[in-house]
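Please open the model in a viewer and keep the selection tool at hand. The tour proceeds by selections, each followed by an account of what is found there.

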Amino acid sequence: MNRPFPNFEAAGLVSRTRRDFLRDAAGLVLGSAVLRASPLVRAESVRKKRKVVVVTFGGGARDQETFAPEGQENIPHMLSEMAPQSSFFTHVTNQGILGHYVATASLATGVYETLNNFASVAPEHPTIFEYFRKQLKRPSSDAWVVAPSNGFHRIGESEVRGFGPGQGARVILPKRLLGLANAGGSADFEHLLHDNYETPLYTPALAGGEVELHQLEMILKLSVGDFASHARTLSSPDELSLYIAKRLMREEAPSLLWITMHDIDVAHSGAYSLYIEGIRRTDRLCAELWKTIETEPEYAGNTTMFVLPDFGRDSDFDAGGNGFQHHRTGDAASRTTWMMVLGAGARHGVVYDTPVQSIDLVPSIGAMMGFSPSQSGGKIIRELA
Ligand SMILES: [Zn+2]
């Protein structure tokens, strides 16, 4: 059962400890409100081309397996390559429901959504994709989501009056594409096709498979055969998502790209070694995505990348929890996460322990890109604005 969010002190402790880990391991210095960001971005001409990539970090990992001294060997890329270039926020709290779809929807709307995590429903408030496209008059090709499971297929847009169907992001589900590509075939994709580890209560029957395969060929410029044969070489669903995301960046170059990683959540199975393997892979994939951003001409120099978990995992010390395995107690460890911001508008090597919330992401991106998410309950993170 999720507890409400009473424990500000415990969250502060998690944050300060994390800050010290980053100072020691990656040389980050403490930022302050005096050090305002955005020295690199001013003119309207820059804003026009501004791009944002959001990556949710794999269903949540604890500091013991990541930023703490004993976990640092699992995230070599983030610590040595990414953190020193980033503005790092150590005190990000998620005060909503700790289920992956509902938490990701909350990140995307800037409102703590209360929808049923396991239902095939749209977010109850306009998404960042709808605000972005409507206010900046962008085409559907400019906002994309790459998501892990069929359960995320409605993440791209709400049903709110004035927004809604056709006005949000196009959602691509790599595992679904793979399933379609292999329909009637005999290839062994079981390792890529397995779904969320939190038992879904439903498997949405998505119609329109032919349309999606057509997308694969038309938009991603990828034949079904090539896609399937490449997928055979990949080791995880997140690898497949990254492959699709890179293809999208090359072919469509969306200004707003949202990628949900999920491999780490294998922790629910109780296998610690698979959880660690998931963290190491996600670390590597995040670095690979950042390198792609730095080298793709459409993205290099004008892109801000946000990396953040949707929430954390339980501590070993809460009576109601199972440690790394789940995220159900609502304790400080499961609610107090972090956010790494790299690229345009972000200072290098600065750590902030100012408390921010999951729902602050959307208004902060809005301030960067030039739109205003009117229904979001979050605040603009002033260190980024
Ligand atoms: Zn989970």
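Select phenylalanine 227 to begin: at 0% relative accessibility this residue counts as buried, where buried means under 20% relative accessible area, exposed means over 50%, and partly exposed lies in between (1.4 Å probe, protein chains only). The model is a predicted one, in which local features need pLDDT of at least 70 and side-chain atom pairs count only at pLDDT 80 or more, while totals for chains, interfaces and linings use all residues. Residues are numbered from 1 along each chain as its sequence is written, and side-chain values use heavy atoms, with hydrogens and water left out.

**Aromatic pairs**

Add tyrosine 243 to the selection; this residue is buried, with a relative accessible area of 16%. Rings of Phe, Tyr and Trp (its six-membered ring) pair if their centres lie within 6.5 Å; planes under 30 degrees apart count as stacked, over 60 as edge-to-face and the rest as tilted. By this rule the count comes to 13 aromatic pairs.

Next select phenylalanine 88 and tryptophan 338. Their ring centres are 5.7 Å apart and their planes lie at 20 degrees, so the pair is stacked. Phenylalanine 88 belongs to strand E3 (residues 86-93) and tryptophan 338 to strand E8, so that distant parts of the chain, 250 residues apart, are linked. Helices (H or I, at least four residues) and strands (E, at least two) are DSSP runs, numbered from the N terminus. Phenylalanine 88 is buried, with a relative accessible area of 0%, and tryptophan 338 counts as buried at 2% relative accessibility.

Return now to the opening selection. The rings of phenylalanine 227 and tyrosine 243 have centres 6.5 Å apart and planes at 10 degrees, so this pair is stacked. Phenylalanine 227 lies in helix H9 and tyrosine 243 in helix H10, so the pair ties together parts that are 16 residues apart in sequence.

Which residues form one aromatic cluster with Phe88? Select Phe57, Phe67 and Trp338 alongside Phe88 to display the cluster.

**Charges over rings**

Show lysine 51 with tyrosine 299: the charged end of the lysine sits over the tyrosine ring, 5.2 Å from the ring centre. The criterion is that NZ of Lys or CZ of Arg is within 6 Å of the ring centre and within 35 degrees of the ring normal. A further example is lysine 134, which lies over the face of phenylalanine 163 at 4.6 Å from the ring centre.

**Strand E7 and its partners**

Select residues 303-308, strand E7. Six of its six residues are buried. In a regular strand the side chains alternate between the two faces of the sheet. On one side of E7 are Thr303, Met305 and Val307, on the other Thr304, Phe306 and Leu308, and all are buried.

Extend the selection to strand E2 (residues 51-56), which runs parallel to E7 and is joined to E7 by six bridges; two strands pair if DSSP finds at least two bridges between them. Here threonine 56 stands opposite leucine 308. Then add strand E8 (residues 336-343), which pairs with E7 in the antiparallel sense over four bridges. Methionine 305 stands opposite leucine 342 in E8.

**Helix H6 and its surroundings**

Move to helix H6 (residues 174-181), where seven of the eight residues are buried. These are Pro174, Lys175, Arg176, Leu177, Leu178, Leu180 and Ala181. Among the elements covering them are strand E4 (143-146), strand E5 (170-172) and helix H8 (209-218).

Two packed helices are described by the angle between their axes and the distance between the axes. H6 and H8 pack at an angle of about 105 degrees, with their axes 10 Å apart; axes are lines fitted to C-alpha atoms, for helices over the stretch in contact, and angles run from 0 to 180 degrees between N-to-C directions. H6 is therefore roughly perpendicular to H8, given that angles under 35 degrees count as roughly parallel, over 145 as roughly antiparallel, 65 to 115 as roughly perpendicular and the rest as oblique. To view the meeting of the helices, select Arg176, Leu177, Leu180 and Ala181 in H6 with Gly209, Glu212, Leu213 and Leu216 in H8; contact means heavy atoms within 4.5 Å.

**Loop residues**

Finish with lysine 137, in the loop between helix H5 (128-136) and E4. Its phi is near 55 degrees, a positive value in a residue other than glycine, and lysine 137 is exposed, with a relative accessible area of 72%.
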